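Work through the following exercises with the sequence and the model beside you, and try each task before you read its solution.

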Amino acid sequence: MYCQSFVGALSLGLAALALHDQFPIKTTGETGARPLYGINSNLGQPYSNSEQWRLDEYPSENATGNLIFDTVHSLLQHWPNTRYRHGHNIVPGTIPIGTLLYHGTNGSRTIPSEPEWTAMDPEHSIYFSRGNGSGWLLTLAATRDLKVLYFDGSSAAKVSEGTMDTQDIVAWGELQPERAFDEKDRIDDLCTWGKEFGIDGFTRMEMDFEIMLCNFTVGVEVVSFVHITLPRDDRSLSPPTSLRADPNTWIRTFEVMHSGSWYNRYPGDSRIVLDLTGLISLYDTALAPSLISVRAGLERLEHRVLGISSDDISRVMRRVTEIVSRADPAGSGTDWKTLIHVIVNRYADRLELTKYLLNITSSDPQELLERAKLAQIQLRVMVTPYLLHPTVVPSAGTSDVDASQWAFPIFRLCATTHTSHITSLVPLMTSSERLLLKAVEDTTREICRVTTKMWADGVMGGLDSLIPVERNGESDVTQIMNDWRKDLNNLVSWLDWSVWIKCRPACGPEEMCYLSTWPINAPRPEGPPPRDSQNFTNAPDAQHVADPVGRPQYPTIPAEDWSLPQPKCIRRLQPYGF
């Protein structure tokens with residue numbers, strides 16, 4: 001059998017591989033190859049070659065590691081949590097000392113004496129300081145780290161479709177979607193529950209991020225409480241006055257959307273510091289097994305927590321109570337947030353570029369060949385750190401099994417590089433960290449399986465100038481490209497990273513990329529207003545408004561724009577075009 005060794009250029013990777021045992025790829029008839037073992041989620045038990053490193057082994061249909069990975073990477077980012085509104089994570093965190101919080105009122109200079117809503121940006125609170133010509137803006141500063149619990153997704157969007165499911169579990173021990181507007185009881189009950197554990201507030205997201213603050217006199221001090229000049233706000237007037245009637249109301253509406261967009265991408269709103277060692281995910285199939293069947297056959301946009309069993313709710317609440325009761329820091333010390341972001345950074349742009357290169361409809365053989373070679377280069381770039389030297393590649397006439405086996409160790413090294421060094425810390429890890437480890441392993445495994453397979457197929461097809469192989473005839477470039485497109489589309493769909501959701505072409509300087517957002521684009525409730533809904537979003541009365549707002553008459557959008565939000569450029573200057 002003819003074999004071709006990798007050329008000396010690959011020696012650049014030797015230093016990075018020095019800490020690993022290196023070995024020649026085992027081909028038919030060879031012995032003595034020493035495998036590198038990856039670590040699975042079962043507390044560091046090594047996988048055998050036969051069960052773990054097959055390039056044709058797809059993820060389980062019910063696998064959720066990719067969903068945990070993506071939702072954790074998306075925490076506190078406005079864009080992905082607007083795209084996927086139905087949150088599945090509950091995470092403890094802190095608001096650092098010195099952080100400013102804002103609370104708007106429209107008629108009183110009285111500091112709230114009961115739980116109410118505060119905003120992370122003044123634009124958000126000013127949006128609720130509605131009135132005819134003026135309003136009041138209270139600015140608070142944290143005098144110590146404030147202990148909070150974060151609900152991800154668009155968790156302050158008052159709709160019954162799933163945005164508030166995780167809050168219902170904590171506040172009421174069951175899901176009550178019919179109480180989407182029952183915000184006064186919600187904040188009171190959450191704060192009553194959290195008082196035992198020293199929780200100062202709860203973090204949620206709608207147009208921007210907010211803190212449901214349980215006590216305005218504990219852990220915070222007043223920076224200012226000022227009477228500000230504001231234009232007339234048509235939302236203060238009775239219907240049928242339309243929001244469109246007054247341009248100044250639109251300005252205020254847009255600017256709260258704009259302030260939320262500052263946290264669209266990583267790292268999100270960094271004024272809220274999350275403790276991932278206490279992550280609780282409803283995508284954890286061991287924690288909430290009843291949701292496996294609930295999600296079966298549904299698109300991700302339809303995933304929600306409704307349908308969870310009472311046993312699973314009890315299990316979730318035991319975990320929540322255990323985590324918020326911890327007195328001392330716990331865990332391995334691993335920086336999970338950075339690790340996950342490194343992996344997204346490493347692959348997102350390159351996978352996107354490769355997908356672009358494969359998006360060709362030409363039937364010209366030479367053009368197809370040149371495009372395939374460009375795609376092969378990108379695939380090789382992705383696996384270069386894992387190309388062991390020397391590696392032997394079988395001839396193109398080798399059977400399918402043998403033809404793919406030579407790439408297994410490259411797949412294995414790629415899949416385990418980001419986690420093999422931290423598996424020794426498993427005994428120190430919390431259950432949340434072990435869940436994170438499994439999610440990272442599952443995600444990198446599938447990325448590496450697909451990219452290694454695609455690259456190896458290109459090598460065997462004679463498309464890699466660095467690694468020539470002996471061929472019996474011409475390669476079927478069209479078939480290789482078709483297989484690549486299928487493999488890559490499946491991978492991108494499985495990963496489903498929101499970094500790939502963007503306005504194309506990019507928006508101009510007078511524009512902002514926008515996804516349909518509550519309440520501007522939400523379906524309008526029918527029938528009489530819900531209980532307490534004169535304050536359309538939150539507040540118990542008309543005097544103190546940090547999140548609350550009277551029900552505005554926003555323009556109607558097609559239902560599909562809400563159910564399947566797509567990015568579009570809207571103007572930053574009037575007319576805005578929500």
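## Exercise 1: Charges over rings

Arg 449 lies over the face of Tyr 58, at 4.4 Å from the ring centre. The model is a predicted one, in which local features need pLDDT of at least 70, side-chain atom pairs count only at pLDDT 80 or more, and totals for chains, interfaces and linings use all residues. Residues are numbered from 1 along each chain as its sequence is written, and side-chain values use heavy atoms, with hydrogens and water left out.

Task: find which ring the charged end of Arg 85 sits over.

Solution. Begin with the criterion, by which a charge sits over a ring if NZ of Lys or CZ of Arg is within 6 Å of the ring centre and within 35 degrees of the ring normal. Then look at Arg 85, whose charged end is placed over the ring of Trp 562, at 3.4 Å from the centre of that ring.

## Exercise 2: An aromatic pair

Task: decide how the rings of Phe 69 and Trp 497 are arranged, and state which parts of the chain they tie together.

Solution. Step one is the criterion: rings of Phe, Tyr and Trp (its six-membered ring) pair if their centres lie within 6.5 Å, and planes under 30 degrees apart count as stacked, over 60 as edge-to-face and the rest as tilted. The whole structure contains 11 aromatic pairs by this search. For Phe 69 and Trp 497 the centres are 6.0 Å apart and the planes stand at 25 degrees, so this pair is stacked.

Step two is the location, for which helices (H or I, at least four residues) and strands (E, at least two) are DSSP runs, numbered from the N terminus. Because Phe 69 belongs to helix 3 (residues 65-73) and Trp 497 to the loop between helix 16 (477-495) and strand 13 (511-514), the pair ties together parts that are 428 residues apart in sequence.

Step three is accessibility, where buried means under 20% relative accessible area, exposed over 50%, and partly exposed in between (1.4 Å probe, protein chains only). Phe 69 has a relative accessible area of 1% and is therefore buried, and Trp 497, with 3%, is buried as well. Finally, Phe 69 and Trp 497 form one aromatic cluster with Trp 500.

## Exercise 3: Disulfides

Task: for the disulfides Cys 191 to Cys 214, Cys 503 to Cys 513 and Cys 507 to Cys 569, give the handedness and the positions of the cysteines in the chain.

Solution. A disulfide is a covalent bond between the sulfur atoms of two cysteines, and here it is recognised as a pair of cysteine sulfur atoms within 2.5 Å. The structure has four disulfides.

- In the link of Cys 191 and Cys 214 the sulfur atoms are 2.1 Å apart, and with -85 degrees about the S-S bond the link is left-handed. Since Cys 191 is in helix 7 and Cys 214 in the loop between strand 8 (209-213) and strand 9 (220-229), the pair ties together parts that are 23 residues apart in sequence.
- The sulfur atoms of Cys 503 and Cys 513 are also 2.1 Å apart, but the 95 degrees about their S-S bond make this link right-handed. Cys 503 lies in the loop between helix 16 and strand 13, and Cys 513 in strand 13, so the parts tied together are 10 residues apart in sequence. Both Cys 503 and Cys 513 are buried.
- Cys 507 and Cys 569 have their sulfur atoms 2.1 Å apart, and the torsion about the S-S bond is about -95 degrees, so this disulfide is left-handed. The pair links distant parts of the chain, with Cys 507 in the loop between helix 16 and strand 13 and Cys 569 in strand 14 (residues 568-571), 62 residues apart. Cys 507 is partly exposed at 22% relative accessible area, and Cys 569 is partly exposed at 29%.

## Exercise 4: Buried acids

Task: state which side chains make polar contacts with Asp 182 and Glu 183.

Solution. A polar contact is a pair of N or O atoms within 3.5 Å; within protein, one must be able to donate a hydrogen and the other to accept it, and residues adjacent in sequence count only if both atoms are side-chain atoms. Asp 182, in the loop between helix 6 (165-172) and helix 7 (183-195), is buried with a relative accessible area of 3%, and its side chain contacts that of Arg 179 at 2.9 Å. Glu 183 lies in helix 7 and is buried, at 0%, while its side chain is joined to that of Arg 186 by a polar contact of 2.7 Å.
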